[in-house]
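Where does the ligand sit in this model, and what surrounds it? The text below takes up the site and its surroundings.

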Amino acid sequence: MRSYSLIAPAKINLYLEIIGDRPDGYHELAMVLQSINLADKIDIRAIGIETIIVKCDHPQVPPDAGNLAYRAASLLSKQFPDIFARYGGIEITIHKHIPVAAGLAGGSTNAAAVLVGLDLMWELGLTQRELQELGAQLGSDVPFCISGGTALATGRGEILSPLPNVEGLYVVLAKYKNLSVSTPWAYRTYRQEFGHTYVSESSGQESSRERVHSGPIVSAIAHHNNSEIGKLLHNDLEKIVLPEYPQILKLREAFASQNILGTMMSGSGPTVFALTESQAQAESVQAAVKATMADPELDFWIATFNPNGIAIAH
Ligand code: ATP
């Protein structure tokens with residue numbers, strides 16, 4: 001086929017623990033990542049000229065080499081120059097539904113979709129592992145976005161252990177339209193404030209990873225204990241972001257006062273989410289928080305957990 005449409009789901013962090021520093025300058029992390037069915041649609045099409053074109057009507061999404069989807073296509077075209085020449089270039093159209101710069105891995109999931117789509121369109125026959133290794137060159141969240149579902153992510157976030165699917169949970173998400181939090185700032189500030197707690201590789205990062213792997217949230221997921229999952233949500237970056245952004249703290253408090261299983265900021269924010277056990281409850285939480293906050297700058301979404309990552313759109 002000369003064209004493919006792919007569904008690219010967003011992710012939320014159910015758990016994010018910063019373990020220590022890595023020799024490459026990144027942080028060593030232990031995260032539980034979850035795909036949700038708030039998703040972009042990505043169309044890829046072979047075109048007659050040997051170039052990469054990105055189209056997206058969202059003003060904050062760069063239509064050029066700054067786009068992670070472009071970089072995914074460029075990476076594969078360099079790996080397989082003969083095939084790139086034979087198919088004569090690619091046009092990528094991004095239909096954005098995931099809020100941009102939200103801590104929901106929007107760019108990463110678009111890049112993941114391009115890798116999966118080009119593997120199919122160019123009949124490369126790459127394994128998921130091979131696609132994830134390529135994806136890790138583009139960003140730490142890209143490998144997870146390819147396989148999706150529920151997973152424990154360690155290293156920079158690129159080392160994945162699949163976890164059992166979590167069923168029967170609904171997510172209410174909220175984000176201020178024009179608020180963004182710099183991810184590098186959040187990690188840098190965390191290092192400044194909490195660097196003294198860091199575990200070095202020699203003194204036990206492996207045991208920290210194992211502690212999370214055999215710890216309560218992974219156990220709650222394995223036992224399908226949804227109310228426990230809600231109680232065990234955790235994100236170290238909240239310690240940095242919430243004191244600096246009172247709006248996000250207030251939003252989180254508004255969710256916390258509702259009848260929910262748990263609430264948390266996703267990634268480095270600014271999106272805050274809450275978990276509920278039914279669609280009806282999610283809708284009533286959304287209505288209540290919307291009414292309490294009464295702010296036209298605040299956008300809301302309701303989603304469910306998604307059992308997979310990139311999928312072909314039918
Ligand atoms: P993460 O959770 O991985 O930190 P994010 O969800 O916070 O990511 P993105 O939506 O990926 O953030 O956007 C971060 C920046 O990347 C934005 O400033 C945006 O301009 C740029 N960007 C590049 N490519 C894309 C893309 N395909 N979709 C969205 N943003 C993109």
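The paragraphs that follow go from the pocket to the ligand and then to two points of backbone geometry. The model is predicted.

The largest pocket holds about 1100 Å³ of space. Several elements give two or more residues to its lining: strand S1 (3-21), strand S2 (27-46), helix H1 (68-79), helix H3 and helix H6 (183-194). Of these, H6 gives the most, with five residues. In total, 47 residues line the pocket, and those nearest its centre are Ser-108, Asp-141, Thr-183, Pro-184 and Ser-268. By class, the lining residues comprise 20 nonpolar, 20 polar and seven charged.

The ligand sits in this largest pocket. Its shell consists of 21 residues, and the closest of them are Gln-60, Asn-67, Gly-103, Ala-105 and Gly-107. The shell divides into nine nonpolar, nine polar and three charged residues. Whereas H6 gives the most to the lining of the pocket, the element that gives the most to the shell around the ligand is H3 (residues 106-121), with four residues.

Which residues place polar atoms by the oxygen atoms of the ligand? Gln-60 does so through its backbone, where a polar atom is 2.8 Å from a ligand oxygen. Gly-107 also uses its backbone, with an N or O atom 2.7 Å from an oxygen atom of the ligand. Asp-141 instead uses its side chain, in which an N or O atom is 3.0 Å from a ligand oxygen. The ligand taken alone exposes 610 Å², and the protein buries 75% of that area. Two of the residues named here recur in other lists: Gly-107 is among those closest to the ligand, and Asp-141 is among those nearest the centre of the pocket.

Two backbone features remain. Ala-105, which is one of the residues closest to the ligand, has a positive phi of about 60° although it is not a glycine. Ala-105 is placed in the loop between strand S4 (90-95) and H3. The other feature is a cis peptide bond, which runs from Gly-269 to Pro-270 and has omega near 5°. Pro-270 belongs to the loop between strand S9 (262-265) and strand S10 (272-276).

Definitions and conventions:
Residues numbered from 1 in each chain as written. Predicted model: local features only at pLDDT ≥ 70, side-chain atom pairs only at ≥ 80, totals over all residues. Heavy atoms only, no water. Near = heavy atom within 4 Å. Polar contact = N/O pair within 3.5 Å; in protein donor to acceptor, adjacent residues only side chain to side chain. Areas by Shrake-Rupley, 256 points an atom, 1.4 Å probe, with all protein chains shown as cover. 1 Å grid on protein atoms, 1.4 Å probe; cavity = no way out; pocket = protein on both sides within 12 Å on 5 of 7 lines; lining within 4 Å. Sits in = over half its atoms within 2 Å of the grid points. Nonpolar A, V, L, I, M, F, W, Y, C, P; charged D, E, K, R; others polar. Points joined across faces, edges and corners; volume = space filled by probe spheres on them.
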